[in-house]
Amino acid sequence: MLFVNSKGGELFGKPLFTSVAEIEGDIDTAVITIPSKFVVDTTKELIKKNIKNLIIISAGFKEVGDYDSEEIIAQLAKEHNFSAIGPNCLGYMEGSKNLNLTFGIGGLKSGELALLSQSGAVLSALMDKAYDAGVGFSHLVSCGNMVDLDFAEMVNMLNEEEACK
């Protein structure tokens with residue numbers, strides 16, 4: 001896992017790149033958690049790195065009247081063949097891979113149940129309850145504003161996942 005912050009430094013004992021351009025090679029999956037005014041330009045930088053999956057946690061899009069940025073991101077996803085979750089979402093978790101790309105609670109058990117939610121707040125509350133109850137998940141997805149992937153596409157993808165029953 002690599003981290004980017006324009007100020008540089010270190011995070012979780014790993015060096016911070018100051019830009020996406022500094023990263024050598026392709027980037028399969030990126031999680032964006034920056035102010036919305038920088039998301040489109042960052043997405044364009046990620047396209048140069050052959051991005052395949054993009055999770056945009058950042059808020060400040062159509063929920064505050066910025067429909068244009070969402071349209072640009074949707075068009076970029078279509079033109080450059082990458083999948084996008086969000087913006088304005090909690091993120092994505094895949095239990096069988098111990099992959100938690102959310103800002104929700106960590107340490108959730110792996111299981112066979114998938115949960116999709118438009119609302120990050122609802123998903124976060126359910127994650128907390130699941131943690132307390134010991135419920136495990138194959139996948140958790142907060143869809144947010146659904147600029148690219150929507151519920152129907154995600155359900156179809158989850159139907160193909162062996163870990164999801």
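**Exercise 1. The three-stranded sheet**

Task: In this predicted model, determine in which order the three strands of the open sheet lie, and which of them are edge strands.

Solution. Step 1: the strand order is S1-S3-S2, the sheet is open, and its pairing is mixed. Step 2: strand S1 (3–4) and S2 each pair on one side only, and these two are the edge strands. Step 3: S1 and S3 run parallel and are joined by two bridges. Step 4: within this pairing, Phe3 has Leu16 of S3 as its bridge partner.

**Exercise 2. Strand S4 and its crossover to S5**

Task: Assign the residues of strand S4 (residues 29–32) to a covered and an uncovered face, and state the handedness of the β-α-β crossover that leads from S4 to S5.

Solution. Step 1: in a regular strand, side chains alternate between the two faces of the sheet. Step 2: the assignment for S4 places Ala30 and Ile32 on the covered face, while Thr29 and Val31 belong to the uncovered one. Step 3: S4 pairs with S5 in the parallel sense, over four bridges; Thr29, for instance, has Asn53 of S5 as its bridge partner. Step 4: between these strands the chain passes through H1, and the resulting β-α-β crossover is right-handed.

**Exercise 3. The buried side of helix H1**

Task: Identify the buried residues of H1 and state what covers them.

Solution. Step 1: Val39, Val40, Thr43, Leu46 and Ile47 are the buried residues of H1. Step 2: around the helix axis they cover an arc of only 115°, and therefore they lie on the same side of H1. Step 3: the elements covering these buried residues include S4, S5 and H2.

**Exercise 4. Geometry and packing of helix H2**

Task: Check the length of helix H2 (residues 67–80) against the expected span, then separate its buried residues from exposed ones.

Solution. Step 1: H2 has 14 residues, and at 1.5 Å a residue it should span 20 Å. The C-alpha atoms at its ends are 20 Å apart, which agrees with that expectation.

Step 2: the buried residues are Ser69, Glu70, Ile73, Ala74, Leu76 and Ala77. Viewed down the axis, they fall within an arc of 160°, so they line one face of H2. The underlying rule is that an α-helix has 3.6 residues a turn, so residues three or four places apart point the same way.

Step 3: Tyr67, Asp68, Lys78 and Glu79, on the other side of H2, are exposed.

Step 4: the buried residues of H2 pack against helix H1 (39–47) and strand S5 (53–56).

Step 5: the ends of the helix can now be described. At the N-terminal end, Asp66 acts as a cap, with a side-chain oxygen 3.5 Å from the backbone nitrogen of Asp68. After H2 comes Asn81, which has a positive phi, near 55°.

**Exercise 5. Two buried residues compared with the cut-off**

Task: Decide whether Ala77 and Ser117 are buried or exposed, and list the residues that each touches beyond four places in sequence.

Solution. Step 1: a residue is buried if its relative accessible area is under 20%. Step 2: Ala77, which is found in helix H2, counts as buried because its relative accessibility is 3%. Step 3: Ala77 touches Phe82 and Asp148, leaving aside residues up to four places away in sequence. Step 4: Ser117, in strand S9 (residues 109–117), is also buried, with a relative accessible area of 9%. Step 5: with the same exclusion, Ser117 touches Val122, Leu123, Val141, Ser142, Cys143, Gly144 and Phe151.

**Exercise 6. Backbone exceptions in the loops**

Task: Locate Phe12, Asn98 and Pro87, and describe the backbone feature found at each.

Solution. Step 1: most residues other than glycine have a negative phi, and most peptide bonds are trans. Step 2: Phe12 has a positive phi, near 55°. Its loop lies between strand S2 (10–11) and strand S3 (14–17), and at 69% relative accessibility Phe12 counts as exposed. Step 3: Asn98 likewise has a positive phi, of about 50°. Asn98 lies in the loop between S7 and strand S8 (99–102), and is exposed, with a relative accessible area of 73%. Step 4: Pro87 is joined to Gly86 by a cis peptide bond, with omega about -5°. The loop that holds Pro87 is between strand S6 (83–85) and strand S7 (91–94).

Note on methods
Residues are numbered from 1 along each chain as its sequence is written. This is a predicted model: local features need pLDDT of at least 70, side-chain atom pairs count only at pLDDT 80 or more; totals for chains, interfaces and linings use all residues. Side-chain values use heavy atoms; hydrogens and water are left out. The expected span of a helix is 1.5 Å times one less than its number of residues. Buried means under 20% relative accessible area, exposed over 50%, partly exposed in between (1.4 Å probe, protein chains only). The arc is that of the directions from the helix axis to the C-beta atoms. Contact means heavy atoms within 4.5 Å. A polar contact is a pair of N or O atoms within 3.5 Å; within protein, one must be able to donate a hydrogen and the other to accept it, and residues adjacent in sequence count only if both atoms are side-chain atoms. Two strands pair if DSSP finds at least two bridges between them. A crossover is right-handed if, with the strands pointing away from the viewer, the path from the first strand over the helix to the second runs clockwise.
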